[in-house]
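Thank you all for coming; I would like to walk you through the packing of one protein, beginning with its nonpolar core and then turning to the empty spaces. Please have a look at the model first.

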Amino acid sequence: MTESIHLGIGASFGMDSGHGSPHEMLAERLGVPCENRCRPGHGNDFMITDTLLWLAQRRRGVQRVTASVGISDPYRHDMVDEPVATGLHWSKWRASQRYGAMALRRLSREADLGPYKWNIRLTYHLRYLTQILTLQNIFRAHRIPYLMWQVMRPTVGNYSLNERAQVRSLEKQIDTQHFFGLDDYTQIDHINETRQWTDPTPLERPQAYGHTRVTVRDEHPTRGCNEQLAEMLWRHHLENNSLTSTG
């Protein structure tokens, strides 16, 4: 029986591509092995489904589980594609990129809404908060200590008073004991502001990336940047008992 394991959940920013992984750095500080389940390009729906499947199929025989999650933007739509012998094979499309955005606008025009139209920006903002709360509720139900942070976040719209109230109602439900920097931190902003890119070669055309834009060939963090994030996460844990308490 395995005594303890730390789950690393996220997309490519949590993988070790030769520059370390904040998930694995946290596991090392906890003194436990890390099962890094991050996959490149995937979104929060993949993370939710993969976590639930892991708990149903793999947790047996593990006495203690902790988890860390790098939350992605809500514009990634995870899709199961080709059949495989075991597990699931995933792909995606992005609502924030050209063809995804065009498809959404077309569907919005075709919808029978009378004088109204889809509020796409608010929809994805609410989707994002719901994804966070779903993961938190999963960990709480399984009594798993965890720590989350934002890799990216959605773009905030010019909301009405009522719409802002709905957003705030969901935000207030997020357990900040287990969430680092909810109001003032995203991993991509940290990388951009400190210019710690894996490949800083400028792009001819910047690309949309969650709430911001990518201007370099490889926006993923260097080892030093990952170490800085791991230190900030660990400090949050020490101040809040994030990885030892289920809240």
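Let me begin with the largest nonpolar core, which has 30 residues, and in which V69, F139 and M148 touch the most other members. By a nonpolar core I mean a set of buried Ala, Val, Leu, Ile, Met, Phe, Trp, Tyr and Cys residues joined through side-chain atoms within 4.5 Å, where buried means under 20% relative accessible area, with a 1.4 Å probe and protein chains only. Strand 1 (2-9), helix 2 (44-57), strand 3 (62-71), helix 4 (120-141) and strand 6 (146-150) each supply at least two residues of this core, and helix 4 gives the most, with 8 residues. Helices (H or I, at least four residues) and strands (E, at least two) are DSSP runs, numbered from the N terminus.

I should say early that this is a predicted model, in which local features need pLDDT of at least 70 and side-chain atom pairs count only at pLDDT 80 or more, while totals for chains, interfaces and linings use all residues. Residues are numbered from 1 along each chain as its sequence is written, and side-chain values use heavy atoms, with hydrogens and water left out.

Which residues does V69 touch, if we do not count those up to four places away in sequence? They are I9, H23, M47, L135, F139, L147, M148 and W149, taking contact as heavy atoms within 4.5 Å. There is also a second, separate core of 19 residues, which includes L26, F180, I188 and W234.

Now to the empty spaces, which were found on a 1 Å grid over the protein atoms alone: a cavity is a set of points where a 1.4 Å probe fits but cannot get out, a pocket is an open set with protein on both sides within 12 Å along at least five of seven lines, and lining residues have an atom within 4 Å of a point. The structure holds 2 cavities of 30 Å³ or more. The largest cavity, with about 50 Å³ of space, is lined by A11, S12, F13, G70, S72, R76, V151, M152 and Y209. The second largest has about 40 Å³, and its lining consists of S12, M15, S17, G20, H220, P221 and N226.

Finally, the largest pocket has a volume of about 350 Å³, and among its 13 lining residues Y75, A95, S96, I120 and R121 lie nearest its centre. Helix 3 (98-110) and helix 4 each supply at least two residues of that lining.

Key. Buried means under 20% relative accessible area, exposed over 50%, partly exposed in between (1.4 Å probe, protein chains only). Grid points are joined across faces, edges and corners, and a volume is the space filled by probe spheres set on the points.
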